[in-house]
Amino acid sequence: RSSQDQCDGNGKYIRLSLGLNDLWGTIPSEVALLKNLLEIDFSKSSSTASLSSSIPSEIGLLEDLRILILRGNDLSGTLASEVGNLANLDSLDLSGNHLSGALPSEIGGMT
């Protein structure tokens, strides 16, 4: 657990901030099991470590998510249409990755 992680009054994670921790590997689809998350920050922190592969579609199950920061990693592929399910998303930072393709049309319906 990072010092920046936060839990609600019931001990459920609402903020998962693992940026600046030299993460490497893939984003586990199990992150979607943390249903109360409002913020995810997996930003890259060094030149030697980064997340790779694609963004799991299960992220779209986090209906209350407001902030998703995945900047500066080696993420690739297309952005899953399920990201469009994040109707409460206020901030999305995917800069500095190797994503390809068009943004899913579902994102256009986000407010």
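Which side chain meets that of Asp 93 in a salt bridge? Keep the question in mind; the tour reaches that residue at the third stop. The model on screen is predicted.

**Stop 1: the hairpin**

Select residues 6-7, which are strand β1, and then residues 13-17, which are strand β2. These two strands run antiparallel and are joined by two bridges. To find one of the pairings, pick Cys 7, whose bridge partner in β2 is Tyr 13. Together β1 and β2 make a hairpin, with five residues between the strands. Within the turn, select Gly 11, where phi is positive, at about 80 degrees.

**Stop 2: from β2 to β3**

Keep β2 displayed and add strand β3, residues 39-41. Here the strands run parallel, and three bridges join them. Show Arg 15 and Glu 39: in β3, Glu 39 is the bridge partner of Arg 15. Now turn on the side chains of Arg 15 and Glu 39, which meet in a salt bridge with an N to O distance of 3.3 Å. The two residues belong to distant parts of the chain, 24 residues apart, with Arg 15 in β2 and Glu 39 in β3. Is Glu 39 buried or exposed? Glu 39 counts as buried because its relative accessible area is 15%, and the cut-off for buried is under 20%.

**Stop 3: the other salt bridge**

The structure holds two salt bridges. For the one not yet visited, select Asp 93 and Arg 71, whose side chains meet at 2.8 Å, N to O. This settles the opening question: the partner of Asp 93 is Arg 71. Asp 93 sits in strand β7, residues 91-93, while Arg 71 is in the loop between β5 and β6, so the contact ties together parts that are 22 residues apart in sequence. Colour the pair by accessibility: Asp 93 is buried, at 19% relative accessible area, whereas Arg 71 is partly exposed, at 35%.

**Stop 4: Asn 97**

Leave Arg 71 on display and select Asn 97, in the loop between β7 and β8. Asn 97 is buried, with a relative accessible area of 15%. What does the side chain of Asn 97 reach at 3.4 Å? It is the backbone oxygen of Ser 95. Next, show the backbone nitrogen of Leu 75, which lies 3.1 Å from a polar atom of the Asn 97 side chain. Beyond its neighbours within four places in sequence, Asn 97 has contacts that include Leu 70, Arg 71, Gly 72 and Asn 73.

**Stop 5: the three-stranded sheet**

Select β4, β6 and β8, which form an open sheet in that order with parallel pairing. At the edges are β4 and β8, each paired on one side only. Zoom in on β6, residues 74-77, and its pairing with β8, which is parallel and made over two bridges. Pick Gly 77 to see one pairing; its bridge partner in β8 is Leu 99.

**Stop 6: Leu 62**

Finish with Leu 62, in the loop between β4 (52-53) and β5 (67-69). This leucine is buried, with a relative accessible area of 0%. What is Leu 62 in contact with, leaving aside its neighbours within four places in sequence? Select Val 31, Ala 32, Leu 34, Lys 35, Leu 37, Ile 40 and Leu 86 to see these contacts. For a distance check, draw a line between the C-alpha atoms of Leu 62 and Leu 79, which are 15 Å apart and separated by 17 residues along the chain.

Terms used:
Residues are numbered from 1 along each chain as its sequence is written. This is a predicted model: local features need pLDDT of at least 70, side-chain atom pairs count only at pLDDT 80 or more; totals for chains, interfaces and linings use all residues. Side-chain values use heavy atoms; hydrogens and water are left out. Helices (H or I, at least four residues) and strands (E, at least two) are DSSP runs, numbered from the N terminus. Buried means under 20% relative accessible area, exposed over 50%, partly exposed in between (1.4 Å probe, protein chains only). Contact means heavy atoms within 4.5 Å. Two strands pair if DSSP finds at least two bridges between them. A salt bridge is a side-chain nitrogen of Lys or Arg within 4 Å of a carboxyl oxygen of Asp or Glu. A polar contact is a pair of N or O atoms within 3.5 Å; within protein, one must be able to donate a hydrogen and the other to accept it, and residues adjacent in sequence count only if both atoms are side-chain atoms.
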